[in-house]
Every structure is written in C-alpha cells, then in structure tokens.
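Visitor: I would like to test some labels against their definitions. Can you take me through the reasoning?

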Amino acid sequence: MGASNSRHVEGGENVRIKYAAASVQGQKDKMEDVYALVPDLDHTTSFFGLYDGHSGAEVAMLCARLFHTELRVHPNYQTNLNNAIRSVFSRLDELLQQSNEWRGLVTPASTNWIRRLINAVVIEPWRCKWGVPYIPPQNLGSSVTVAVARGSRVTVGNVGDSRCVASRNGQAIQLSTDHMPSHRIERRRIERAGGKLYLDKYVAVEAGLVAGFRAYRGMLATSRAIGGFVFKQNKNLPPEEQLVICNPDIRSMEITDDVEFLVIASYGIWAYMTSQAVVEFVHEQLRSGQTNLSVICERLVHHVQPSRPDTTAILIQFKHGAPDDAEGSEEDSADQEIKSDAGDEEQPLVPDRETISRALEFVRSKQREYKGKTS
C-alpha cells in the first residue's frame, strides 16, 4: 500500500495557541498512528497526544480515547501534573491486563453492539465456566508521547520512539527520550530481565526452533511501550524491571518568549530527519510567509516520503502574552480531536430487524453448540 493512500490534515487555535496535525500512512496494510488534539482540556490547559501503534492500531486508539480523560480526573491533575501523567501511563497498561472490555472502546460504533452481545452471552459465560483466563494483548502495543501546556509551562511524557522537540531561538531542544533497546540503560534492564537483543536493535522473545530456524514470539524496536505483554511476563520481576516497561520519561520547560513552537512526531519523521533539521524546516516555512500550520505540517510529513513507517506530525505555536486564564469552559474539553484511518468511527447505527435476527440466531447457535459439547 502506498504512503499516500491514507492521510489527515487539520488545525485550529484558541487564545493561547495555534496547532495543526498531519499524517500519512506508510507501507503497511493499515494506519497505526493515532493522535488526540485537545486545545481546551480545561480553561488553562491544552493537551496533545501522539500514539504510534505496533502490530496494530487498537492500543494506540485506546490511548487516544482515554489518556487525556484519565489525566483530567486524576487527583493530582491540578497539584502535581508530573505524577498525574506518570500514573495514567501505568493505569492504561493495567487496564489492558484486566479484561477484554477495552476492545469495546475501539470498535466501530456500527458493530460495537454485536460484539458486546456475543461477548456477554457467549464468550464470558464460557470463559467463567471453564476458568479460561483472559490473555492481554501480546504484541499489540503503542509508543506514547503527550504534551500538556498549562499557563507558562509545557510538560512532556513519553515511552517509545515518537519524539517531542521545542524550538528556542531556532535551536532544537528535545523534550522526550528515544527509548531504544540498544541504549545503555535500556540494554542493562533488558539483560537483567533475562532478555537479549536481536541484531543489536530489537527486544526479542524467543519461541524455540522451528524447522531448524530460530522463531520468535515477539520482537520490538522500542524498549518502552504501553501494551505488548509478551515482553512483560517475568513473574519474578516488578513492572518497572521487565523487558519492556511503561514507565515514562517526563520533562518540563518554561514557555518563554524565545520558545517559538513544539513539534511532536512519530518515528516516520525521525527515521529521516534530525531534531534540528525539523526545527529548521518549520522555520523556513514560517520565514517564507506561510502562516497556515496545517500546510506546514502537511509539507513536513510529505518531505520524508516515501516512508515505510507511518508518518505523523503535530505542530503547536504559542501566542506569547496570552492570559494564563484564557477563555475556556467545561464544554471546551469535549472538543478533542482523535484522528487516524485506523480509528475513524462510523456514526452509530440503529440495527434493523433482520440484522438483530441474524445476530440472535448466531448467539443461539453458539449456545446450542456449547450445550452439545457439555452434555
């Protein structure tokens, strides 16, 4: 599938910031990048999240739906933002381990009721009857980079290989950490957990030999992620010492008058451009007279095409001098934007009589099949 078969471009502003986002699908079958734009999480806070899924988009979609909502209701949201952000990373990882209910949040609305019906009537009773444990997503997972701008500060938390960069007087300041398995601290933890690197690049979980060749149950190019529980199975170690962990690095900086903008981008950008090169690219666009951030974002993601990975960029420009208590309302927080072809939702549909009949007949057939096996 070509790099340009799926794309999104959009932007907006409030009294504190201007922002835009653009994404282009890479060479995989489906888009796995998802982002959330919440310019008014509350009347002084803006939230931007980029979620780069691996082995599928489902976990990234869950993060895009829940991260900012979980953050806003956290007890430390107003008093200790760093701790609140850190806690949400752990909370989402725990949610994925509890039950299969999370999948209902990322299922298209038109099919969601059918999935819930089958799950409630067939799957869950069968699982409870035979004591079959829930298995959390083994390879499905996501890199996460979130930026929270509040008043005159911006706080960034991340796991994985997406990156957030600030431009101060034209110089790139990296506000996130690239969590690569080959980095010294990451490699040390992986080896202490009994793991090893494949090609000095991937965290690998071996499955033994198949037809004389070494097989792997999982392989991941990042050493931190939400999900991916095939890499988190050592029962003798706490979560923060597993092969892959969800503990974020968190950095904060003052938004002074010489801080021009932030760029949050997925690996599809950083595989081809340095942080400084991205900052210079945006400055060149601004110097040329281009003030539409959506156009700049679109040009940035297309600058690296053709790209094998999905490519997403979010650009945030600060309006210096805006009041800290700029206008906003509780209703504003509902105006978040969550975009990805992987996550585009259909409008909820009211199923017709024939559809309901087919679904119920399917459930009855499964019940008859189940009774036949247990009689």
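Guide: What follows goes from the overall fold to helix pairs and then to some backbone details. Keep in mind that this is a predicted model.

Visitor: What makes up the fold, and how much of the protein is buried?

Guide: The protein has 8 helices and 16 strands. Of its 375 residues, 49% count as buried. Among contacts with a separation of 6 or more, 68% link residues 24 or more positions apart.

Visitor: Why is H1 called oblique to H2?

Guide: Take the angle. The axes of helix H1 (residues 58-72) and helix H2 (residues 81-98) come within 10 Å and cross at roughly 140°. Roughly antiparallel needs an angle over 145 degrees, and roughly perpendicular ends at 115. The pair fits neither class, so H1 is oblique to H2. The crossing of H1 past H2 is right-handed.

Visitor: Which residues form the contact of H1 with H2?

Guide: From H1 come Val59, Leu62, Cys63, Leu66, Phe67, Glu70 and Leu71. They meet Leu81, Ala84, Ile85, Val88, Phe89, Arg91, Leu92, Leu95 and Leu96 of H2. By class, that contact holds 14 nonpolar and 2 charged residues, with no polar ones.

Visitor: How do you know that the length of H2 agrees with its residue count?

Guide: Compare the expected span with the model. H2 has 18 residues, and at 1.5 Å a residue they should span 26 Å. The end C-alpha atoms of H2 are 26 Å apart, so the two values agree.

Visitor: Which residues of H2 are buried, and what do they pack against?

Guide: Buried means under 20% relative accessible area. In H2 that label goes to Leu81, Ala84, Ile85, Val88, Phe89, Leu92, Asp93, Leu95 and Leu96. These buried residues pack against H1 and four strands: E5 (141-150), E6 (153-159), E12 (226-227) and E13 (249-254). A general point helps in reading such a list: an α-helix has 3.6 residues a turn, so residues three or four places apart point the same way.

Visitor: What makes H6 and H7 oblique to each other?

Guide: The axes of helix H6 (residues 275-287) and helix H7 (residues 293-303) come within 10 Å and cross at roughly 135°. That angle is not over 145 and not within 65 to 115, so H6 and H7 are oblique. H6 passes H7 in a right-handed crossing. In the contact, Val278, Phe281, Val282, Gln285 and Leu286 of H6 meet Ile296, Arg299, Leu300 and His303 of H7. The residues divide into 6 nonpolar, 2 polar and 1 charged.

Visitor: What is the phi of leucine 199, and why is leucine 199 called exposed?

Guide: Most residues other than glycine have a negative phi. Leucine 199 is not a glycine, yet its phi is positive, about 55°. Leucine 199 is found in the loop between strand E9 (196-198) and strand E10 (202-210). Its relative accessible area is 63%, and exposed means over 50%, so leucine 199 is exposed.

Visitor: Why is aspartate 200 called partly exposed?

Guide: Its relative accessibility is 45%. Partly exposed lies between 20% and 50%, so aspartate 200 takes that label. Aspartate 200 also lies in the loop between E9 and E10. Its phi is positive too, about 60°, although aspartate 200 is not a glycine.

Visitor: How do you know that the bond joining glutamine 305 and proline 306 is cis?

Guide: Look at omega, which is about 0° for this cis peptide bond. Most peptide bonds are trans. Proline 306 is found in the loop between H7 and strand E15 (311-318).

Terms used:
Residues numbered from 1 in each chain as written. Predicted model: local features only at pLDDT ≥ 70, side-chain atom pairs only at ≥ 80, totals over all residues. Heavy atoms only, no water. Axes fitted to C-alpha atoms, helices over the stretch in contact; angles between N-to-C directions. Helix = DSSP H or I, 4+ residues; strand = E, 2+ residues; numbered from the N terminus. Parallel < 35°, antiparallel > 145°, perpendicular 65-115°, else oblique. Left-handed = near helix turned anticlockwise from the far one by under 90°. Contact = heavy atoms within 4.5 Å. Nonpolar A, V, L, I, M, F, W, Y, C, P; charged D, E, K, R; others polar. Expected span 1.5 Å × (residues − 1). Buried < 20%, exposed > 50% of the residue type's maximum accessible area, 1.4 Å probe, protein only.
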